[in-house]
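Let's take a walk through a protein fold together, one piece at a time. Have the structure open and turn it around as you read.

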Amino acid sequence: MQFHHHGYVSADPQVQPAAGTGLDRPDEIPAEVDVLIVGSGPAGVIAAAQLAQYPGITTRIVERRGGRLVLGQADGVQARSVETFHAFGFSERIIAEAYHITEMAFWEPDATHPETIVRKARPLDDDHGISEFPHLVVNQARVLDYFLEAAANGPARIQPDYGWELADLAVGGPGESHPVTVTLRGTVGPQEGTERTVRARYVVGCDGAHSAVREALGCTPVGDKSNHAWGVLDVLAVTDFPDVRTKCAIRSHDGGNILLIPREGGFLVRWYVDLGMVPDDDDGAIRRTPLEEIIARANAIIHPYTLDVKDVPWHSVYEVGHRVTDRFDDVPLDQVGTRAPHVFITGDACHTHSAKAGQGMNVSMQDGWNIAWKLGHVLTGRAPESLLATYSAERQVVAQNLIDFDREWSTLMATKSEDLPDPDYLSSYYVRSAEFAFGFMTQYTKSAIVGGTEHQHLAPGFPVGKRFKSPAVERVCDGNPVHLGHHHRADGRWRVYAFADSPAAGSPSALTDWAHWLATDPASPLLVHTPADAELGSVLDVKVVYQQDHTAMNNVADVPAVFLPRTGPFELVDYEKVYATDPRDDVFAARGIDRGGVVVVVRPDQYVAAVLPLTAKAELASFFADALLPAAVPTPAQVPAAPVAAAPAAAAL
């Protein structure tokens, strides 16, 4: 982590200096805002944390509760989400307090004594190395806490305005600076029952399955229920079931099924208990199933083992439903492409499903991140307003894929063993679907911010449209082994990774030619899209990876200057943009990177946007011309000809 570039820092470096709207932030919600986030669930808090990096944007987040969430219903955290936590600066802390899923046990009826259950399989959770990050279980409330901390520590100092709910919303006509008129109603304390009007440029609805924002837009959830009910309870209990601290799928002969999820902190365990099919004339009666009946069913399913429940901090009954809203913004389907959207819905407001696939909170966070960086780009003049239409286009497909996966998984969980194709079908399906369950199957299609696949063969290990899977490399300046993608923080910047052709640093090569063009040519996207008063690297963060290991790099000063930019008021040299191949895990071999040199462009939300050869300069410039707006062009003089040697520590003192 870098933090001394503007001067010595002795306090918590995660707390960034306040700036812009973060200075003297008013307690009262202003009458006009740029972005109003409705709801502080997973999508809302990540949107706030991202927009906190844009202090020139006035962002407020309202929440109908009177304070922080105490007990969350979601708990599964896929590896893609942990990658995201790292981008926001808190992965290490949440990993330390979470429960880690390393394997899953599958229990089935004993073939000779079907009234009892036996363990049939125990596959590893990630035996293919899908991610370097773990699969976690942690209370949703803690996830929200960490994102809200990141929002409060960002330059814009965003904090929730508790005790307000959306009462009404209307979108005005074209040409209005703040076209969305929102009526907020107080829900707690002195403001309860009062109303106030706020005008916004954009509204992001993150207000759950019963979304008032969705209702105001007239969006229609499409889908149905499966007529199958489950009781879910967090329990502190004494049991002789041997895998109570292991994630389990338990299937009995005739008593139903259980999904068992150990919780963080030890002792606490979540049980999803099969309550069977729901009659058409049930009229909600299943939701009133007594807690004692759910516990009795759990005991019947795990026979011959027993469950002695001591305490139940939380429980609920739900019917599995699979629904995706017909659109994710305020533009009617017959007007798509004719105007820009100004209201967006995310998370449970636009897709609902069962909890057993562990996807709800995770997909919601990616919804929030997707729209937040795009709003940041548009409101700061970095990108055209047309960028906002890509939110619904990208995330609606993801939501439908989630519904399809969840429908199949929840159906399998409710199917009797004898009705499956073979006894090991459930466990093998779990292994086969791991990449989806971990959050890595999302692949965005070609658009203004996702390029074509004409050059994909140059780096097949970085599929265009999928998340950038971080490779192991060495930092040249100090020889430290690092993950390249771990430096991709949620700061709103694009990453441009140049994988060098074979010559060493300083030798004539395709890389040095590309670097010279990037630093000096008026058509260079680095110059075209960086504001004249901003540092190079404030929009496009450019890094290089050499084919040699760091010991073969004799002098970092031989590296082209564009990879050693100056930063901060002292114009210090940033040495952490130059990397070498880790000989223990050659990234060129591992990801199939062409040794003639490749450029990989990655979006602010960590998805690969383009793969190009080093010689495709015009294509790179054209890609960014479609994705971003031009800025006031800095002169080539802003790029240093050579780095300045660092002063010795004694001299600095």
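Before we start, one term: two strands are said to pair if DSSP finds at least two bridges between them. Also keep in mind that this is a predicted model.

With that in hand, look at strand β14, residues 257-262. It pairs with strands on either side of it in the sequence, so to speak, and we can take them in turn. Five bridges join β14 to β15 (residues 268-277), and the two run antiparallel. One spot to find is proline 262, whose bridge partner in β15 is valine 269. These two strands make a hairpin with five residues between them, where glycine 265 has a positive phi near 85°.

Now go to the other partner. Strand β13 (residues 247-251) also pairs with β14 in the antiparallel sense, this time over four bridges. Here alanine 249 has leucine 259 of β14 as its bridge partner. Again you get a hairpin with five residues between the strands, and glycine 256 in the turn shows a positive phi of about 105°.

So which way do the residues of β14 point? Asn257, Leu259 and Ile261 go one way, while Ile258, Leu260 and Pro262 go the other, and all are buried. Since six of the six residues of β14 are buried, the strand is largely enclosed by the rest of the structure.

Next, scroll along to an open sheet of seven strands, in the order β20-β19-β25-β22-β21-β26-β27, with mixed pairing. β20 (481-483) and β27 (608-613) sit at the edges with a single partner strand each, so one side of each has no neighbour in the sheet. On average, neighbouring strands here are turned by 30° against each other, ignoring direction. Inside the sheet, β21 (residues 494-499) and β22 (residues 540-546) run parallel and are joined by six bridges; alanine 498 has valine 544 of β22 as its bridge partner. Helix α11 (residues 510-520) lies across β21, β22 and β26 (598-602), running at about 165° to β22.

Finally, let's look at a pair of helices. How do α1 (residues 42-51) and α4 (residues 140-153) meet? Their axes come within 8 Å and cross at roughly 20°. Angles under 35 degrees count as roughly parallel, and α1 and α4 are therefore roughly parallel to each other. Their crossing is left-handed. The contact involves Pro42, Val45, Ile46, Ala48 and Ala49 from α1, and Gln140, Leu144, Phe147, Leu148, Ala150 and Ala151 from α4. Of these contact residues, 10 are nonpolar, one is polar and none is charged.

Key
Residues numbered from 1 in each chain as written. Predicted model: local features only at pLDDT ≥ 70, side-chain atom pairs only at ≥ 80, totals over all residues. Heavy atoms only, no water. Axes fitted to C-alpha atoms, helices over the stretch in contact; angles between N-to-C directions. Parallel < 35°, antiparallel > 145°, perpendicular 65-115°, else oblique. Left-handed = near helix turned anticlockwise from the far one by under 90°. Contact = heavy atoms within 4.5 Å. Nonpolar A, V, L, I, M, F, W, Y, C, P; charged D, E, K, R; others polar. Buried < 20%, exposed > 50% of the residue type's maximum accessible area, 1.4 Å probe, protein only.
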